[in-house]
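Hi there,

Here is the structure I promised to pass on to you. Please open it beside this email, and I will walk you through what turned up.

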Amino acid sequence: MQYVTLNNGVEMPVLGFGVYQIPPEQTERAVSEAIAAGYRLLDTAAAYGNEEAVGRAVKNSGVPREDLFVTTKLWVQDAPAQENTRRALETSLTRLGLDHVDLYLMHQPFGDVYGQWRAMEDLNREGLAKAIGVANFYPDRLLDLTVNNEITPQVNQIETHPFFQRTADQDLMREHGVQIQSWGGFAEGRNELFTQPLLAGIGEQYGKSVAQVVLRWLTQRGVVAIPKSVRAERMAENFDIFDFELTDDQMAAIATLDTGASLFFDHRDPEIVAWLAKRRIDA
Ligand code: NAP
């Protein structure tokens, strides 16, 4: 496995396993199979409702805790943010059966972002989260958070795939020492990604699938990827990307697929803000 070093020295695998939309009753099996396939980075969230199952799989894996990198996420909190953020992480840790997470992400750029962030800084200093970061922050919000707080986010997890490549966002993050992590690396299969002709053609040259080309392209760009699958054979396929390298010409060809727009939702759209910011979960 290859690793990236975050701005506080913590090492994070370049490829992990995401569990969004895996029903809780399937999650323990899926995560156990992912760990057996070699994944060491696991990405869950309080909002996914499957932290307990992730925790059971971790506990039963037989893999030493220090070899695993567990991420979970803070949902938007009611005031007071300081108190509620601490309680939310403690609740997540109880569900996971862990005494710390490797990465704690603010899931959405909404609510009392500054109060939540300062609470996360404290939790980081106390060792309950070895690294802290954000998700779904566009460059303006990310920069504002970064310049007005003590700890620069270690990670920003954002929608990143061949149809929404985020290269300018990545440049800004690189400049400020924030590691980019892709969610929806396959765009959840939208736009017929898995049969996209250019990607399929490149894959044929290496005996690789479109999924493998996409993950190779992401990691070769320095983007950490966390593909989700409930199928063991796909988990293995998605992990098998370290024995080939895309050429500069192939990277440039893939760059032409960028539409510069989200395939899901825009976190700057007022309707989306109203919908996400008001949603509450149990934590
Ligand atoms: P994704 O990884 O882009 O796509 C998952 C889809 O691709 C599933 O339908 C899966 O089906 C299919 N798939 C996986 N491997 C495949 C392969 N080799 N060939 C063909 N199909 C394949 O979507 P995602 O789950 O939305 O994103 C990945 C992770 O990012 C999530 O699990 C979550 O951890 C994180 N995430 C974070 C946020 C955020 O706001 N921070 C938002 C969304 C996601 P099967 O399961 O049937 O194989």
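Strand S9, residues 179-183, is a good place to begin in this predicted model. 5 of its 5 residues are buried, so S9 is largely enclosed by the rest of the structure. Gln179, Gln181 and Trp183 point one way from the strand, while Ile180 and Ser182 point the other way. Residues on both sides of S9 are buried.

What lies beside S9? Strand S8, residues 155-159, runs parallel to S9 and is joined to it by 5 bridges. If you want one pair to look for, glutamine 157 has glutamine 181 in S9 as its bridge partner. S8 and S9 also belong to a right-handed β-α-β unit, together with helix H6 (residues 167-176). Strand S10 (residues 224-225) is another parallel partner of S9, joined by 2 bridges. Here serine 182 has alanine 225 in S10 as its bridge partner.

Now zoom out to the whole sheet. It is an open sheet of 8 strands in the order S3-S4-S5-S6-S7-S8-S9-S10, with parallel pairing. Its edge strands are S3 (17-18) and S10, each of which pairs on one side only. Strands of a sheet pair through backbone hydrogen bonds, either parallel or antiparallel. Further along the order, strand S7 (residues 129-135) pairs with S8 over 3 bridges, again in the parallel sense. Valine 134 has asparagine 156 in S8 as its bridge partner.

The loops hold several details that you may enjoy finding. Between S8 and H6 sits histidine 161. Is histidine 161 buried or exposed? Its relative accessible area is 0%, so histidine 161 is buried. The side chain of histidine 161 makes a polar contact of 2.8 Å with the side chain of glutamate 159.

The loop between S9 and helix H7 (197-206) contains glutamate 192. Glutamate 192 counts as exposed because its relative accessibility is 62%. Its C-alpha atom is separated by 24 Å from that of histidine 267, and the two residues are 75 apart along the chain. Glutamate 188 is also placed in the loop between S9 and H7. Although glutamate 188 is not a glycine, it has a positive phi of about 50 degrees. With 39% relative accessibility, glutamate 188 counts as partly exposed.

Two more backbone details are worth a look. Glutamine 21, in the loop between S3 and helix H1 (24-37), has a positive phi of about 70 degrees although it is not a glycine. Alanine 79 and proline 80 are joined by a cis peptide bond, with omega about -5 degrees. Proline 80 is found in the loop between strand S5 (69-74) and helix H3 (81-96).

Next come the charged pairs. How many salt bridges does the structure hold? There are 15 salt bridges, including these:

- Arginine 56 and glutamate 28 form one, with their closest N and O atoms 2.7 Å apart. This pair links distant parts of the chain, since arginine 56 is in helix H2 (residues 51-60) and glutamate 28 is in helix H1, 28 residues apart. Arginine 56 is partly exposed at 39% relative accessible area, and glutamate 28 is partly exposed at 25%.
- Lysine 73 and aspartate 43 meet in another, at 2.6 Å from N to O. Lysine 73 lies in strand S5 and aspartate 43 in strand S4 (residues 41-43), so this pair ties together parts that are 30 residues apart in sequence. Both lysine 73 and aspartate 43 are buried.
- Arginine 95 and glutamate 51 meet at 3.1 Å, N to O. Arginine 95 is in helix H3 and glutamate 51 in helix H2, 44 residues apart, so the pair links distant parts of the chain. Glutamate 51 counts as buried, with 1% relative accessibility.

There is also a network of salt bridges that links Glu121, Asp122, Arg125 and Glu150.

Finally, turn to the surface. Met1, Tyr3 and Phe242 make a nonpolar patch of about 270 Å². Phenylalanine 242 is found in the loop between helix H9 (232-239) and helix H10 (248-255). Phenylalanine 242 counts as partly exposed, at 30% relative accessibility.

Happy exploring, and write back with any questions.

Best wishes

Methods: Residues numbered from 1 in each chain as written. Predicted model: local features only at pLDDT ≥ 70, side-chain atom pairs only at ≥ 80, totals over all residues. Heavy atoms only, no water. Patch = residues over 30% accessible without salt bridge, like charges linked within 9 Å, V, L, I, M, F, W, Y side chains within 5 Å. Areas by Shrake-Rupley, 256 points an atom, 1.4 Å probe, with all protein chains shown as cover. Salt bridge = Lys/Arg side-chain N within 4 Å of Asp/Glu carboxyl O. Helix = DSSP H or I, 4+ residues; strand = E, 2+ residues; numbered from the N terminus. Buried < 20%, exposed > 50% of the residue type's maximum accessible area, 1.4 Å probe, protein only. Pairing = 2+ DSSP bridges. Right-handed = clockwise from strand over helix to strand, strands pointing away. Polar contact = N/O pair within 3.5 Å; in protein donor to acceptor, adjacent residues only side chain to side chain.
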